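Here is a short guided tour of a protein model. Take a moment to look at the sequence and the 3D view before reading on.

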Amino acid sequence: MKFTNAQDVISYLYSLPNLHAKNDLSYIKTVLKELGNPQNKVKTIHITGTNGKGSTSYYLSNLLKKAGQRTGLFVSPYIYEFNERIQLDNQNVSDKDLVQVANLVEKAIEKIKEKDQDFSLVTFEYEVAMAFVYFSLKNCDYAVIEVGIGAEHDKTNVIVPEVSVITTIGLDHEKIIGPTIEDIAQEKSGIIKQNRPLVLGNIPKQVLPIVEAKAHKLHSPIYLLGRDFTVESDSKIKCQINKKTYVFDLRPKVESYDIAVSLQAFLLLHLDLSTEKIQEAIDSTRIPGRYHLLSRAPMVILDGAHNIQAMQNLLEFVHAQKKKLNGKLRVLITMMKDKDIEEVFSLFDPDDEIVLTTIPYPRAAKLADFPKNIRSNYPYQVNWQDAFDELQNKSKNNDILLVTGSFYLVGAVLEMEGIDASPRN
């Protein structure tokens, strides 16, 4: 099979299964070997975490680019278009290059099938293989690699990075890498590599010993937020690393943690970048689908928070803004049906006005997928555009409209508004 256009590539990827019968790295390693192990030809930074890994990836990518490094970035999910998954110097992979690397991967698969007729890749493996081929072809100096789910068994875990990063550990994807937070910590510790530094963000005290034990076993130096480097937010974000203070524009508190973690990881690479340029790189970074302010009066915020920890951080920020404005919070939300829907909804205030909706995506919750008590408490509108328009029209200048629960819903609203969600400076 030979691809001729990007849409054919994307359609084919989403026709593939999501999981193999066995959850290991043998398939991705086999295809990468056939491709000449492109993942070994580029220096990498590997990032996992229940929340914050996407933001940290973007901050770090911008720092590397500002330092004059040819920088690859692999992230998920996309907000605006599939090509966001694979980037070079903050530019999405072109359709032409997407077709080229897909054909190289397909050729490798066909070669393997000559000896093993049953060989195949799942969607994410195919995407990972394409990314590494692309970064190698483009002669990247560094590639920032965000894991899909977990770490140890994630298909990106085929690299020996310059630095490993765990941003946070909380409950998400419990059915795949859980069920307990201890199980999740164990899985995420799989990102740690022998003699390679490890940067840790907000890690719960109950599971920190699990991560530290793995790092000590592999002689991996640890840099822990709050102990080895610090961050505080007041009128500005101030990071203290190696007795030096770095100051950045104010962002929501949770973003300050990601900034500190990305900066600590970057400084471990010992690249030449002035304090002024570091500040420029961070302050100019836009995180697609995170705390995206669409308008100010009324305040319309788009954020793809989709698990308990992310929603808790988001609502803490939004409810504080609501109190300042002395207005009402309205929420348009859908979630993937495999998420902790009931727990997420328990975080809303009784006077928050919430409308349930859905999007045309296989995993997106429809009315029947929401728990019975949620269905009985909140109205459901199948057409998210109509629901968004209605909520926006009834909102006064001091009200807040929050669109959340899924990056795909956020991306759909951005597309409807004609806004480019890409992270270019």
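## A label from a record

Where does UniProt place the feature "domain: Mur ligase C-terminal"? The unreviewed UniProt entry puts this feature at residues 289–407. Keep in mind as you explore that the model is predicted.

You can trace that span in the 3D view. The C-alpha atoms at the two ends of residues 289–407 lie 6 Å apart. Helix makes up 34% of the span, and strand makes up 19%.

## Two domains and their interface

How does the domain assignment divide the protein? The assignment gives domain 1, covering 6–284, and domain 2, covering 292–417. Taken over C-alpha atoms, the centres of domain 1 and domain 2 are separated by 28 Å. Domain 1 brings 15 residues to the contact, and domain 2 brings 14 residues.

The size of an interface is often given as the accessible area lost when the parts come together. For domain 1 and domain 2, about 1,300 Å² is buried between them, with 55% of that area on carbon and sulfur atoms. On the domain 1 side, Asn 51, Ile 79 and Tyr 80 supply 37% of the area buried against domain 2, more than any other three residues.

How many salt bridges does the rule find across the interface of domain 1 and domain 2? The count there is zero. Polar contacts do occur across this interface, where the rule finds three residue pairs.

## Salt bridges to look for

By the salt-bridge rule, the count comes to 16. One of them joins the side chains of Glu 125 and Lys 155, at 3.8 Å from N to O. Glu 125 belongs to helix α5 (residues 123–137), while Lys 155 is in the loop between β5 (142–146) and β6 (163–168). The pair links distant parts of the chain, 30 residues apart. Are these two residues buried or exposed? Both Glu 125 and Lys 155 are buried.

Another salt bridge pairs Arg 196 with Glu 162, and their closest N and O atoms are 3.5 Å apart. Here Arg 196 sits in the loop between α7 (181–188) and β7 (198–202), and Glu 162 sits in the loop between β5 and β6, 34 residues apart. Arg 196 is partly exposed, with a relative accessible area of 27%. Glu 162 is also partly exposed, at 26%.

Now find Lys 322 and Asp 352, which form a salt bridge with their closest N and O atoms 3.8 Å apart. Lys 322 lies in helix α11 (residues 308–325) and Asp 352 lies in the loop between α12 (341–345) and β15 (353–356), so this pair ties together parts that are 30 residues apart in sequence. Lys 322 and Asp 352 are buried. Salt bridges can also share partners: Arg 330, Glu 353, Lys 394 and Asp 399 are joined into one network in this way.

## Three buried residues

Start with Thr 44, which is in strand β1 (residues 43–48). Why does Thr 44 count as buried? Its relative accessibility is 2%, and buried means under 20%. Leaving out residues up to four places away in sequence, Thr 44 touches Ala 143, Ile 145, Ile 159, Val 160, Pro 161, Glu 162 and Val 163. You have already met one of these contacts, Glu 162, as the salt-bridge partner of Arg 196.

Next comes Val 261, in helix α9 (residues 253–267). Val 261 counts as buried at 2% relative accessibility. Val 261 and Lys 53 are 208 residues apart in sequence, yet their C-alpha atoms are 9.9 Å apart in space. Apart from neighbours within four places in sequence, Val 261 is in contact with Thr 56, Val 165, Val 199, Leu 200, Gly 201 and Phe 229.

Finish with Ala 102, found in helix α4 (residues 95–113). Ala 102 is buried, with a relative accessible area of 0%. Which residues does Ala 102 touch, not counting those up to four places away in sequence? They are Phe 3, Val 9, Tyr 126 and Met 130. As for Ala 102 and His 292, they are 190 residues apart along the chain, and their C-alpha atoms are separated by 32 Å.

How values were computed:
Residues numbered from 1 in each chain as written. Predicted model: local features only at pLDDT ≥ 70, side-chain atom pairs only at ≥ 80, totals over all residues. Heavy atoms only, no water. UniProt positions renumbered as here; feature names shortened; annotations may be inferred. Helix = DSSP H or I, 4+ residues; strand = E, 2+ residues; numbered from the N terminus. Buried < 20%, exposed > 50% of the residue type's maximum accessible area, 1.4 Å probe, protein only. Contact = heavy atoms within 4.5 Å. Domains from an automatic or database assignment. Buried area = accessible area lost by both parts, 1.4 Å probe. Salt bridge = Lys/Arg side-chain N within 4 Å of Asp/Glu carboxyl O. Polar contact = N/O pair within 3.5 Å; in protein donor to acceptor, adjacent residues only side chain to side chain.
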